[in-house]
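Notebook open, coffee poured. I'm going to jot down what I look up in this one, entry by entry.

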Amino acid sequence: MSVKPPSRPPKAHTRYRSPKASLGDLYSYFKSKDHILITIDPDPDAIASALALKRLLWHKVQSSTIGIIRPIRRLNNLTMVRLLRIPLMPWWSISLAQFTKFLLVDGQPHHNDMFKGIPYTVVIDHHPMSIPVEAPFAVIYPAYGATATILTQYLKAARIKPSQTLATALLYAIKTDTRNFERHTIDEDIDAFRYLFEFANHHILRKIEISDLSLSDLRFFNMAVERKHVVKDRIFAHLDEVPSADLLVEIAEFFLKIHDISWSIISGIYEGHLIISVRNDGYRKDAGRAVRRAFGSVGCAGGHQAMARVEMSLDKLLEILGNVNSTSIEQYIRKQLSPL
Ligand SMILES: [Mn+2]
């Protein structure tokens, strides 16, 4: 088998076409002898969209493979792939010569060096198009909150009832890409969400959504509980060296579950920097303003009403404190962020 360049002239559709018209067009590019590779940068939207595309082309092509360009690291996404048994192939282990057609979802060829130079037949995406996408079937809808929404419309147009696995994956994709509809959402995303809702497994969805800890992270929760200092409605804990900055966010959010705690201020050292993660109840206070006032002149400090983050180099800290250790750091943070 050899890879032939697309025979029809490229045209990218950024203006909306009916899903039915798009689907007919999509199908026209495939033959039953095709072996297709769907390439993705594996985030939930890309994974779910690839799975939907695989389903749409089921029985229309000889074989379909989803190739990922990097290992998945995010624990929620690993849980998604494991619980939904989504078949993914690391791209570096595949020979491209065995495929006759290439497809890309939730991304564009210029987004990654690994995509460049591949003669794509299909590109379906919702990121803004800064460089024209040249593929026979290119559908780019930047207004959409998720690529999964476009694929859900195609499934509906094809009258394919999504399996529990597929519906759960698509639902999770729409929820993550729109951050639970807090950003970049159009009616089509909400319609797709509503449609998928009844087919999804909500127990699995919940397990995927809450799976952001590893067993080894618990050590730091333990340390945070032991080291916590409560000053009025504020809780502080300094954790020394931590394996990731995200862990500080997890612990800060965990402490905010305590009903009469309004501020959760968790700090640690990560890659030579002091990181302070701040969460509050968002009521009459502004976490972003508070950290800018306290640390804006000595480090990088910012955030919103209910969440904020400070980052400062240990050199700067040494300059200010003269002596950098657990106790001096902890006291410094508490002094800067204690209620007046
Ligand atoms: Mn996306």
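**Entry: the metal site**

I started with Asp45 and asked whether it is buried or exposed. Aspartate 45 has 0% relative accessibility, so I put it down as buried. This is a predicted model, and I'm reading everything here in that light.

Next I looked up what aspartate 45 is doing in there. It is one of the residues that coordinate the manganese ion, together with Asp106, His126 and Asp177. The aspartates come in through OD and the histidine through NE2, at 2.1 to 2.2 Å. I wrote the donor spacing in sequence as D-x60-D-x19-H-x50-D. Aspartate 45 sits in helix α2 (residues 44-56), while aspartate 106 is in the loop between β5 (101-105) and β6 (120-125), so this pair ties together parts that are 61 residues apart in sequence.

Is aspartate 106 buried or exposed? I got a relative accessible area of 7% for Asp106, so that one goes in the buried column too, the cut-off being under 20%.

**Entry: the cores**

I then went through the nonpolar packing. The largest nonpolar core holds 56 residues, and Phe30, Ile40, Leu53, Met80, Ile124 and Tyr154 have the most contacts inside it. I also found a second, separate core of 21 residues, with Phe236, Ile276, Val310 and Leu317 included. As a general reminder to myself, nonpolar side chains in soluble globular proteins tend to be buried together.

I picked isoleucine 40 for a closer look. Which residues does it touch, once its neighbours within four places in sequence are set aside? My list for Ile40 reads Ala46, Ile47, Ala50, Ile66, Gly67, Ile68, Ile69, Leu88, Val105 and Phe115.

**Entry: helix α3**

Met80, from the big core list, sent me to helix α3 (residues 75-83). The buried residues I noted in that helix are Asn76, Asn77, Thr79, Met80 and Val81. They pack against α2, α5 (164-177) and α7 (202-210). Just after α3, I spotted arginine 85 with a positive phi of about 50°.

**Entry: salt bridges**

How many salt bridges are there in the whole structure? My search turned up twelve. I wrote up three of these pairs.

- Arginine 17 and aspartate 25 form a salt bridge, with their closest N and O atoms 3.3 Å apart. Both of these residues are buried.
- Aspartate 191 meets arginine 194 through their side chains, at 3.6 Å from N to O. The two are three residues apart in helix α6 (residues 187-197), about one turn of the helix. Asp191 has a relative accessible area of 39%, so I call it partly exposed. Arg194 comes out at 58%, so I have it as exposed.
- Aspartate 286 and arginine 289 also make a side-chain salt bridge, at 3.8 Å from N to O. Asp286 is partly exposed, with a relative accessible area of 24%. Arg289 counts as exposed because its relative accessibility is 52%.

**Entry: alanine 290**

I looked at alanine 290 next. It belongs to helix α10 (residues 287-295). Its relative accessibility is 15%, so it counts as buried. What does alanine 290 touch, not counting residues up to four places away in sequence? I found Trp263 and Leu337. I also checked Ala290 against histidine 304: they are 14 residues apart in sequence, and their C-alpha atoms are 9.8 Å apart in space.

**Entry: the whole protein**

Last, I stepped back for the overview. The domain assignment gives domain 1 (12-210) and domain 2 (217-337). I got 38 Å between the C-alpha centres of the two domains. For secondary structure, I have twelve helices and 13 strands.

The C-alpha atoms fill a box of roughly 70 × 40 × 35 Å along the principal axes. Of the 340 residues, 47% are buried. I put the accessible surface at about 17100 Å², with 53% of that belonging to carbon and sulfur atoms. Of the contacts between residues at least 6 apart in sequence, 62% join residues at least 24 apart.

Terms used. Residues numbered from 1 in each chain as written. Predicted model: local features only at pLDDT ≥ 70, side-chain atom pairs only at ≥ 80, totals over all residues. Heavy atoms only, no water. Core = buried A, V, L, I, M, F, W, Y, C linked by side-chain atoms within 4.5 Å. Buried < 20%, exposed > 50% of the residue type's maximum accessible area, 1.4 Å probe, protein only. Contact = heavy atoms within 4.5 Å. Donors = N, O, S within 2.8 Å, 3.2 Å for Na, K, Ca; no water. Helix = DSSP H or I, 4+ residues; strand = E, 2+ residues; numbered from the N terminus. Domains from an automatic or database assignment. Areas by Shrake-Rupley, 256 points an atom, 1.4 Å probe, with all protein chains shown as cover. Salt bridge = Lys/Arg side-chain N within 4 Å of Asp/Glu carboxyl O.
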